[in-house]
Amino acid sequence: MINSYASLDDAGVAIAAARAGADVVRTMYGQRLTHIDKGAGDFATAADVEAEKAILGVIRSVRSDDAVLGEEGGQQGAAEAVRQWLVDPLCGTLNYAVGNMLVAVNVALRDGAAAVADPFSAEIFFTDGETARVRRDGAEAQLAPTSASQLVDVNLDPPFPSAPGFRAVDLLAHPGFVERFRPRVVSTTLALAWVAAGKRAAYVTDGGDLSGSVHFAAGIALCQAAGCVVTGIDGAPIGQAGRGLVVAADIETHGLLMSMIRSRS
């Protein structure tokens with residue numbers, strides 16, 4: 001197994017790790033799974049834990065000096081490591097736990113390569129940090145964002161750190177939003193990959209600095225490499241001073257969403 005990964009570049013490692021996690025998620029789907037309470041209504045399942053183990057197995061086999069921040073296992077490796085992998089082994093746990101297949105496996109090297117795997121479509125969206133592509137059934141294609149669908153995913157999950165200044169539910173009630181767009185609530189960051197791939201026009205979520213989040217880092221990297229417009233909900237570049245995300249397929253869509261957000265604020 002080690003030899004099969006030894007020659008991979010960082011994008012290849014991200015793809016292999018995401019695929020390993022996706023294989024676990026797909027295999028365990030539909031089983032009666034133990035729930036692990038994480039507080040505040042959040043939980044993990046045995047599938048989250050086992051998928052993260054599979055992902056770490058790939059990373060450790062060829063990048064043993066790198067640090068890893070995992071959704072379930074926390075920080076692993078040297079705190080001073082120059083390179084850190086961000087791992088969300090099953091984004092959309094609640095969906096998964098009730099038999100909904102809208103989930104993602106996210107693996108990202110901070111400020112580098114990243115991959116998002118859809119365990120049930122067998123699609124793997126990935127970037128080497130410069131270009132963004134999708135792989136399925138052995139074929140690859142470049143990701144091409146477009147707002148043609150007019151579908152916008154809005155994350156309605158708590159917490160809501162920017163309320164009352166910004167509340168996602170207010171955006172949905174904006175007259176201009178319903179005239180131009182059609183709302184969707186997927187409840188997984190797979191929706192970010194869909195923006196990069198042209199399956200969604202945009203994605204909006206509240207939050208703090210999400211650039212280093214295990215949930216969002218891989219999707220953000222994909223969207224940036226694909227040429228999407230990526231900012232915080234205040235229009236500022238994402239980073240330590242950022243708040244949430246507005247990711248759009250093009251400048252026009254981003255501008256429309258920002259004008260609606262500002263008018264509701």
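Hi everyone, let me start with one spot: a polar atom of the Arg-60 side chain lies 2.8 Å from the backbone oxygen of Asp-66. Before going on, a word on where this comes from. This is a predicted model, in which local features need pLDDT of at least 70 and side-chain atom pairs count only at pLDDT 80 or more, while totals for chains, interfaces and linings use all residues. Residues are numbered from 1 along each chain as its sequence is written, and side-chain values use heavy atoms, with hydrogens and water left out.

Back to Arg-60. You will find Arg-60 in helix α3, residues 46–62. Helices here are DSSP runs of H or I with at least four residues, strands are runs of E with at least two, and both are numbered from the N terminus. Is Arg-60 buried or exposed? Neither, in fact: Arg-60 is partly exposed, with a relative accessible area of 28%. For that scale, buried means under 20% relative accessible area, exposed means over 50%, and partly exposed is in between, with a 1.4 Å probe and protein chains only.

Which residues does Arg-60 touch, apart from its neighbours within four places in sequence? They are Asp-66, Val-68, Gln-76 and Gly-77, where contact means heavy atoms within 4.5 Å. Ala-17 is 43 residues away from Arg-60 along the chain, and their C-alpha atoms are separated by 10.0 Å.

Now let's step back to the whole protein. There are nine helices and 15 strands. The radius of gyration is 18 Å, close to the 18 Å that the globule rule gives for 265 residues, so the protein is as compact as a globular protein of that length. That radius is taken over C-alpha atoms, and the rule is 2.2 Å times the number of residues to the power 0.38. Along its principal axes, the C-alpha trace spans about 55 × 40 × 40 Å. Buried residues make up 51% of the 265. Of the contacts with a separation of 6 or more, 59% are between residues 24 or more positions apart.

On to charges. The structure holds 14 salt bridges, each being a side-chain nitrogen of Lys or Arg within 4 Å of a carboxyl oxygen of Asp or Glu. In one of them, Asp-23 pairs with Arg-26, and the closest N and O atoms are 2.5 Å apart. These two sit three residues apart in helix α2 (residues 10–28), so about one helical turn separates them. Asp-23 is partly exposed at 34%, and Arg-26 is partly exposed at 37%.

Helix α3 has such a pair too: Lys-53 bridges to Glu-50, with the closest N and O atoms 3.3 Å apart. Again the partners are three residues apart, so they are separated by about one helical turn. Glu-50 is partly exposed, at 33%.

Another salt bridge joins Arg-133 and Glu-140, with a closest N and O distance of 3.1 Å. Arg-133 is partly exposed at 26%, and Glu-140 is partly exposed at 36%. Beyond pairs, salt bridges that share partners join Asp-10, Arg-63, Asp-66 and Arg-83 into one network. You met Asp-66 at the start, beside the side chain of Arg-60.

One last stop: where is Val-169? Val-169 is in helix α5, residues 168–172, and counts as exposed at 52% relative accessibility. Thanks for listening!

Technical notes:
A polar contact is a pair of N or O atoms within 3.5 Å; within protein, one must be able to donate a hydrogen and the other to accept it, and residues adjacent in sequence count only if both atoms are side-chain atoms.
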